[in-house]
Amino acid sequence: MTAPHSPSTLPPSPARTHYAGDLRAEHVGQAVAVCGWVARRREHGEHLAFLDVRDRTGLVQCVVDGAHDLRSEYVVRVTGTVRPRPEGTENPALATGAVEVGDCEVEVLSVAEPPPFPLEGRVEVDETIRLRHRYVDLRSERMQRNLAVRAAAIGAIRGAMADQGFLEVETPLLIASTPEGARDFVVPSRQSPGEFYALPQSPQLFKQLCMVGGVDRYYQIARCLRDEDLRADRQFEFTQLDAEASFVTQDEVLAFITEAVGAAVEAATGERPGSFGAISWREAMDRFGSDKPDLRFGLELVDVTEVFAATGFNAFKAPCVKAIRVPDGGDATRSRLDDLTDRAKRWGAKGLVWMRVEADEITSPVAKFLSAEELAELRRATEAETGDLLLLVADSWHTTCHVLGLLRLELGRPPVTEGGFHFTWVVDFPLFESISDDGQPVPAHHPFTMPHPDDIELLDGATGDDLLAVRSQSYDLVLNGWELGSGSVRIHRADIQQRIFGLLGISEDEAQAKFGFLLDAFRYGAPPHAGFAFGIDRLVALLAGEENIREVIAFPKTQSGADPLTGAPGPVAPAQLEELGLRLLPRSTA
RNA sequence: GGUCCCGUGGUGCAGUUUGGAGUGCACGCCGGCCUGUCAAGCCGGAGGUCGCGGGUUCAAAUCCCGUCGGGACCGCCA
């Protein structure tokens, strides 16, 4: 159902001359056979009934001589003649609404129990029930459309990557566990009891090996698995476009991915997206309090640290003070403000200061601690107008941005179907995201990320906070506040790699143990290379107007990682454990 | 590891704040009527361990504790 009012091009077969949703005025007079499910039945006495027959392409009305033995979701084959509907009974809401199938013979291919929930999609059905009967849920127009959008997007991505010279290469699912990153799913080895494979969090290392192997431009529609808590935009298993190219710059990678994403968007919506802007990580954090800014709305963060540089108000004696101005938000109730304050605290702020901007004063529980000059300057800095609400957080730069960023989403985030598609690249990520308690920097991406060329010299002799200023050649693609994916220029030179490992506190032996095969490969002639990966489930969900990637996955898991349809996860037979050399711990200590 | 919301015939809800007979609504289902409907219409009917366990009470869908399931989020996701 790519475009609901244009017929599909699905081929006929001997049993089925046409798909239900394809019938049009041009078919009038033709003898046809359609196959599908009884979507609805409207009886008008013993000798007239209307049967809506549904298949992947849509619905067509069949006029039958009595339908007493035909029930919802029976599988039928209907033969008859296409005819125009009588004057005045056309249904413009239906793609097939100008015609109907008359003189029908109905063959029941399968009877069916009543469906466990309605398929009309007018109500939200409990997730367990939908997933337990996913085979029924998939018949709904919503799921059929979403699967079609997904297939169209993936097809377009394959085409775009192939057109740009990328070679599709498959990489293994059973690999060695690496200690970095997300929690691995592990698979016990039968042939080597006590040893384990891991399922890939991504094909990262293999695609770099492909570069050493001269593949030059690699891509894969890759399944990735991470044993971390599930969310609306996260499943255990998800699908990425994974890509890597040799002898290219960051800008060239961005262009490749822009082309692939653009093709996917066009395939799904019919329109090519506008150019993707780019924003530095620093600016994204400063203005939106997030490294995945939702650019569909304003409510930007305003830095007011300087306003309170010499304040007597203890709560504002902080490295960073920022504000959000909520236009006409001054009428927020006290309970709403208390709720926002609670949230801010849960998100890590010490508190939240609110101020109502009135004609000649600012009212706030803390106004009495602030000077008239400070209040006037705050008003000027935030461009506040009468009736507005100001929300302020004072803390470290990072905490202030983070909390106000979450608050901004809470206050202004539009529904997924509103505001269009606002893509942006986020560039110039820091090489290190933080310094751990033992003084070691923590990599923001992965340890093979190339430092920014202008910042490499900063690595010399740098320690502690100086390192946090070092930028990397890594980049994220963001759509409407969702991180679609990320990539980087990789380190291909042993000397730079050794310096990074040194900074990260990874010894030569340790590096060899963890990534030895990659480092070994690099000794045999590694081209400069760079790559990217983005989440296809997330892209398709947003294109389909869905808030949750479950809606674009045929058989997803619940938030607790269960599959109500198959019962996974479940126990295995003792003999299986025995064969694998495994013994279970008692539940209380597991 | 944590916070919040939800759980009532097959489905979606109301009822829970303020305890008093399983009370109600819409859809679906079953039967009947009905020859131009398309969320068909009209009449009738069936269908319940109020997620589960414990507690308080003369009395619990309702209050309390625990637990299970679903959802949203923080942490986590290099």
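Good morning; this short presentation describes chain A, one pair of its helices and one of its histidines. Please keep in mind that the model is predicted.

I begin with the chain as a whole. Chain A contains 14 helices and 22 strands. Along the principal axes, its C-alpha atoms fill a box of roughly 90 × 75 × 55 Å. Of the 590 residues in chain A, 46% are buried. The surface that chain A exposes amounts to about 28900 Å², and carbon and sulfur atoms supply 51% of that area. As for charge, there are 59 positive and 89 negative side chains, and the centres of these two sets lie 4 Å apart. Among contacts in chain A with a separation of 6 or more, 67% join residues 24 or more positions apart.

I turn now to a pair of helices. Two packed helices are described by the angle between their axes and the distance between the axes. Here, helix α3, residues 141-163, packs with helix α5, residues 250-269, at an angle of about 145°. Their axes are 8 Å apart, and the crossing is right-handed. Which residues of α3 and α5 meet? From α3 they include Val149, Ala152, Ile157 and Met161, and from α5 they include Glu259, Ala260, Ala263 and Ala268.

Finally, I consider a single residue, His446. This histidine is found in the loop between strand β19 (441-443) and helix α10 (465-468). Is His446 buried or exposed? His446 counts as buried because its relative accessibility is 16%, and the cut-off for buried is under 20%. Leaving aside residues up to four places away in sequence, His446 touches Gln204, Gln208, Ser488 and Arg490.

Technical notes:
Residues are numbered from 1 along each chain as its sequence is written. Chains are lettered from A and ligands numbered from 1 in the order in which they are written. This is a predicted model: local features need pLDDT of at least 70, side-chain atom pairs count only at pLDDT 80 or more; totals for chains, interfaces and linings use all residues. Side-chain values use heavy atoms; hydrogens and water are left out. Helices (H or I, at least four residues) and strands (E, at least two) are DSSP runs, numbered from the N terminus. Buried means under 20% relative accessible area, exposed over 50%, partly exposed in between (1.4 Å probe, protein chains only). Contact means heavy atoms within 4.5 Å. Accessible areas come from the Shrake-Rupley method with a 1.4 Å probe; for residues, only the protein chains shown count as cover. Lys and Arg count as positive and Asp and Glu as negative; His and the chain ends are not counted. The place of a charge is taken as NZ of Lys, CZ of Arg, CG of Asp or CD of Glu. Axes are lines fitted to C-alpha atoms, for helices over the stretch in contact, and angles run from 0 to 180 degrees between N-to-C directions. A crossing is left-handed if the near helix is turned anticlockwise from the far one by less than a right angle, and right-handed if clockwise.
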